[in-house]
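Please walk through this protein stop by stop, with the viewer open and a selection tool at hand. Each stop names what to select and then says what is there.

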Amino acid sequence: MTETDRETRTVRLSHRVAALLHALDIADPPTGDMEVRSPITGEVLIGLRPDTPAEIDTAIAEAAGAFVSWRTVPAPQRAAVIRELGILLRRHQDELAELVTLEVGKIPAEARGEVQEMIDICEFAVGLSRQLYGKTMASERPGHRLMETWHPLGVTGVISAFNFPVAVWSWNTAVALVCGDTVVWKPSDRTPLTALACHTLLRRAARAAGADQRVHQLVLGAGAAGARLADDERVALVSATGSVAMGRQVGPRVAARFGRCLLELGGNNGAVVTPSADLDLAVRAIVFAAVGTAGQRCTSLRRIIVHSRIADELMDRLVRAYRQLRVGNPLEDGVQVGPLHGPEAWDRMNDALDRARRDGGQVLCGGEEVTVEGAGPAARYATPAIVRMPAQTEIVREETFAPILYALTYDDFDTALALHNGVPQGLSSAIFTTDQREAERFLAADGSDCGIANVNIGTSGAEIGGAFGGEKHTGGGRESGSDAWKAYMRRATNTINYSSDLPLAQGIRFD
C-alpha cells in the first residue's frame with residue numbers, strides 16, 4: 001500500500017467518525033491534544049480536550065446538586081428518562097455500534113450486540129422502577145410494625161474500561177438513575193467518542209422526559225480523573241471496571257473516606273470439559289468464549305481443564321477450528337477476530353507465550369502476528385493461540401488480556417475443581433457435561449468459586465437479567481440485573497409503634 005493509499009484510508013476513517021458524530025448530534029466535540037486512535041489502523045481519529053480539575057469538580061458539584069431534587073422524584077417518573085434513552089438507542093443502534101467498532105476494534109456483530117445490551121438494560125430498569133421493594137418483618141412487640149425501606153444513595157461515579165465502552169456504563173447508569181442517584185462517568189481515555197455519544201443521547205432523553213439534565217455528567221481524561229472520583233466525599237458510590245491493579249488503587253481510596261465501592265476487575269475464566277461432554281457443542285462454545293473480542297473480555301475463556309481421556313480429541317478439534325478463523329480488519333466481511341488494543345497488548349501476549357514455553361507449555365497453534373493492509377505501527381493483529389500446559393504455572397494463574405487459551409488435563413473430578421478454583425480471580429466459569437451429578441456439583445457450594453457458573457455454555461455472553469460480577473480478586477461487586485440495584489441505594493430499618501404502650505425490645509423493662 002502506498003503512502004497516498006494510507007492517507008486516503010485515514011481520511012475515510014476520520015470522515016466516517018465525523019459523520020457518525022454528526023448523526024448522533026455531536027456537532028462540536030471539545031477538541032484538544034488527547035489522541036483517540038483506532039486499533040484497526042492505529043491512526044488518530046480525532047483529538048479531544050481532557051477536562052481540567054476545576055471542570056471535574058464542577059461536574060461532581062452539578063451531580064450532587066441535582067441529586068437533592070432527583071431523589072424525591074417518584075421512581076416510575078425517573079424511569080421515563082431511561083425509557084426515552086432506550087428509544088434513542090434503537091434509533092441510533094447502527095451509528096453507535098459502528099463507533100464502537102472504530103474505537104475498540106470489535107467486529108460489527110459484537111459491537112451491535114453491545115448496543116443491544118444497552119437497550120435490554122433500559123427495558124429492565126424501566127420495569128425495576130416499580131419493583132424497588134422493601135420487606136415487612138414480624139415485630140416481637142405488640143402494636144408495632146417492623147419494615148425496611150430503600151432510598152437513593154447519592155452521586156454514583158462510574159469508571160469504565162475500553163473493551164465494553166458503552167454496555168457497562170449502561171448497566172450502572174440505567175439502574176442508578178432509576179434508583180434516584182445521579183451519575184458522573186469517567187470512561188476509558190481510549191474510548192471517549194462512544195462516551196460523548198452516550199452522554200449526548202442521555203441528555204436528549206432527559207430533555208424529552210422533562211427531567212433535569214444535570215443528573216448525568218461526563219468527565220474526560222486519564223487516571224487523574226478517576227482518582228478524583230475515588231477521593232471526593234460527594235461521590236457516594238464508585239463503580240469501577242478494569243484491572244486488578246486499578247482496583248487495588250481505587251478500593252482503598254474510596255474505603256479511606258468510608259464511601260462505597262463496586263469493583264468488577266480481572267477474570268481468569270476456566271471451563272471443565274468432562275468425558276460425557278457433547279464435544280460439538282463444547283468446541284463452538286469454547287472458540288467463541290476464547291477468541292471473541294480478540295480475547296479482550298473480562299469474561300474471555302482463558303483456561304480449559306479437560307479429562308485426559310478426551311484431551312487429544314478435543315485439542316485436535318479446537319486446533320482445526322482455530323485455523324479456520326479469519327483475523328483482520330473488522331470492517332471487512334467475514335472477519336471473526338479483530339485487532340488487539342495496541343502494541344502493548346501484543347507485547348503482553350508475546351511475553352505470556354514465552355513464559356508458557358519456559359514452563360514446558362506446547363503452543364499448538366496461533367501466536368503469530370498478522371499483517372493487515374492499511375494497519376500502521378500502532379495497530380496489532382494476532383492469531384489466537386492454544387497452549388497445552390503440563391501444570392497450572394504462574395503464567396496460567398495470571399490474566400493476560402489477549403487471545404491465549406491454556407489447556408490442562410485431569411483424571412478425577414476433585415482435581416478438576418481444584419485446578420479450576422486455583423487462581424486468584426473468580427469471575428466466570430463453565431462446565432461441559434451431560435452428567436447431572438457433575439453439573440450439580442459444579443454449581444454447589446464446594447464447586448465453582450466464581451460469581452458466574454454455567455453449564456454447557458461458555459464463560460462470556462452474560463444476560464442483563466442476572467447480576468454480573470465475581471469473587472476473590474475480581475472484586476465482589478454486582479452490576480446489572482437481579483437485586484444488583486441494592487448497591488445503588490441505602491437501606492433504612494423502620495419501626496412503627498401504632499399502640500398506646502411503649503414495650504421495649506427483648507422484653508426489657510425501664511419503669
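The tour starts with the whole chain and then moves to the cores and to single residues.

**Whole chain**

Show the full chain as a cartoon; the model is a predicted one. The cartoon should contain 15 helices and 21 strands. Aligned to its principal axes, the set of C-alpha atoms occupies a box of roughly 85 × 60 × 40 Å. The radius of gyration is 25 Å, which agrees with the value near 24 Å that a compact globule of 511 residues would have.

Switch to a surface next. About 21,100 Å² is exposed, and carbon and sulfur atoms supply 49% of that area. Of the 511 residues, 55% are buried. Colouring by charge brings up 53 positive and 63 negative charges, whose mean positions lie 4 Å apart. In a contact map, take the pairs at least 6 apart in sequence: 74% of these contacts join residues at least 24 apart.

**The cores**

Which residues touch the most other members of the largest nonpolar core? Select Ile 286, Ile 304, Leu 314 and Leu 318; they hold that place in a core of 139 residues. Centre on Ile 304 and leave out its neighbours within four places in sequence. Its contacts then include Ile 286, Leu 314 and Leu 318, along with Ala 271 and Met 315. Further along the sequence, Ile 304 is also in contact with Leu 405, Tyr 406, Ala 407 and Leu 408. Apart from the largest core lies another, of 20 residues, with Val 155, Ile 159, Val 184 and Val 219 among them.

**Val 158 and strand β5**

Select residues 155-159, which form strand β5, and pick Val 158 within it. Is Val 158 buried or exposed? Its relative accessible area is 1%, so Val 158 counts as buried. Beyond four places in sequence, Val 158 is in contact with residues including Trp 169, Asn 172, Thr 173, Val 183, Val 184 and Trp 185. Leu 229 and Ser 239 are also among its contacts. For a distance check, draw a line from Val 158 to Leu 177: the C-alpha atoms are 12 Å apart, with 19 residues of separation in sequence.

**Ala 236 and strand β8**

Move to strand β8, residues 235-241, where Ala 236 lies. Ala 236 touches Leu 153, Gly 154 and Val 155, and also Gly 259 and Arg 260, when residues up to four places away are not counted. From Ala 236 to Gly 259 the C-alpha distance is 5.6 Å, across 23 residues of sequence.

**Val 319 and helix α11**

Helix α11 covers residues 311-322 and contains Val 319. With a relative accessible area of 11%, Val 319 is buried. Outside its sequence neighbours within four places, Val 319 is in contact with Leu 364, Cys 365 and Ile 386. Asp 333 is 14 residues from Val 319 in sequence, and their C-alpha atoms are 23 Å apart.

**Two positive phi angles**

Most residues other than glycine have a negative phi. The last two selections depart from this. Asn 456 has phi near 60° and sits in the loop between β17 (452-455) and β18 (467-468). Ser 480 has phi near 75° and belongs to strand β20, residues 479-480. How exposed is each? Asn 456 is partly exposed, with a relative accessible area of 29%, whereas Ser 480 is buried, at 2%.

Definitions and conventions:
Residues numbered from 1 in each chain as written. Predicted model: local features only at pLDDT ≥ 70, side-chain atom pairs only at ≥ 80, totals over all residues. Heavy atoms only, no water. Helix = DSSP H or I, 4+ residues; strand = E, 2+ residues; numbered from the N terminus. Rg over C-alpha atoms; globule rule 2.2 N^0.38 Å. Buried < 20%, exposed > 50% of the residue type's maximum accessible area, 1.4 Å probe, protein only. Contact = heavy atoms within 4.5 Å. Areas by Shrake-Rupley, 256 points an atom, 1.4 Å probe, with all protein chains shown as cover. Lys, Arg positive; Asp, Glu negative; His and termini not counted. Charge placed at Lys NZ, Arg CZ, Asp CG, Glu CD. Core = buried A, V, L, I, M, F, W, Y, C linked by side-chain atoms within 4.5 Å.
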